[in-house]
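Let's take a walk through this one, starting at an aromatic ring and ending with the cysteines. Keep the structure open as you read.

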Amino acid sequence: MKISSLAVVAASLCATHAWVSTPSARRSSSALRVTLDGQEIRAPITPLGNFILVKTKDTLTSTDGGILLPDQAKERPTEGQVLAAGPGKLHPHTGNRIDNPVKEGDSVLYGKFDGVTLTYNDDSCQMIRDDDVMLYYDGVTMNLENVTPCRDYVLIELEKDETETKSGIVVAAGVQKENLPCEGTVYKVGGGRLTSSGDFGKSPVQPGDSVKFKDYAGNDVVIENRAFSLVRMVEILCSTQKADAAVEA
């Protein structure tokens, strides 16, 4: 008789628990629904090692009136927002963890063809590595205050040389294929290049230096209507000095 009573009580509690928890569980399940390439998966993506999940976004430029518009007139590196980032890769020689330079919420600039394309929660995304990131920033759009070159990248402001064509039209020197811009002034430098010991070596150039870099080595980007190029430190050939500066020295 006692066993029968306990069974009745247990059954009653189970029924009550199911009645209370089931609607909540359904709401929670619906809220956490995650899809990858159109297929539902059990949980949100967790990037491993130095991988970064990035949601691609339109490149924005500001008009004279301050309105932000997608920039489709110029091919440039791809911008995206970090949805999730791995903890970082292990150094091959020391085994120490090399922290990922970006975190969730950061905006990044990376190569147009870098990474693997996927559709995550119906959004166009890329899975890239931390080595693919050229520059990162916090905010809706890039400006000269919030951008930071990533690791061994250097942000170089290009010279404003202009050339007159045979028809008398003045164009930027960089428009002519045989006269690509490969000189400029260092505006910002990244944290340095990774060494065999796992540390980051100091940049060989500093803001304000005039430099020359290899042809086709730069990744052009426009920030606040000024032309820049993102160049790896190893692609910088030398620091230069203008003729008038040399005379004054």
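Tyr187 counts as partly exposed, because its relative accessibility is 28% (buried means under 20% relative accessible area, exposed over 50%, partly exposed in between, with a 1.4 Å probe and protein chains only). A quick note before going on: this is a predicted model, where local features need pLDDT of at least 70 and side-chain atom pairs count only at pLDDT 80 or more, while totals for chains, interfaces and linings use all residues. Residues are numbered from 1 along each chain as its sequence is written, and side-chain values use heavy atoms, with hydrogens and water left out.

Which residue is Tyr187 paired with? The ring of Phe228 has its centre 5.5 Å from that of Tyr187, and the planes sit at 75°, so the pair is edge-to-face (ring centres of Phe, Tyr and Trp, the last by its six-membered ring, must lie within 6.5 Å; planes under 30 degrees apart are stacked, over 60 edge-to-face, the rest tilted). Phe228 is buried, at 0% relative accessible area.

Both rings also touch Glu157, whose contacts include Tyr187, Phe228 and Arg226 (contact means heavy atoms within 4.5 Å). Glu157 is itself buried, at 16%, and its side chain makes a polar contact of 2.9 Å with that of Arg226 (a pair of N or O atoms within 3.5 Å; within protein, one must be able to donate a hydrogen and the other to accept it, and residues adjacent in sequence count only if both atoms are side-chain atoms).

And the cysteines? The whole structure has zero disulfides (pairs of cysteine sulfur atoms within 2.5 Å). For Cys182, the nearest cysteine sulfur is that of Cys238, 9.5 Å away.

Key:
Lists of a residue's contacts leave out its neighbours within four places in sequence.
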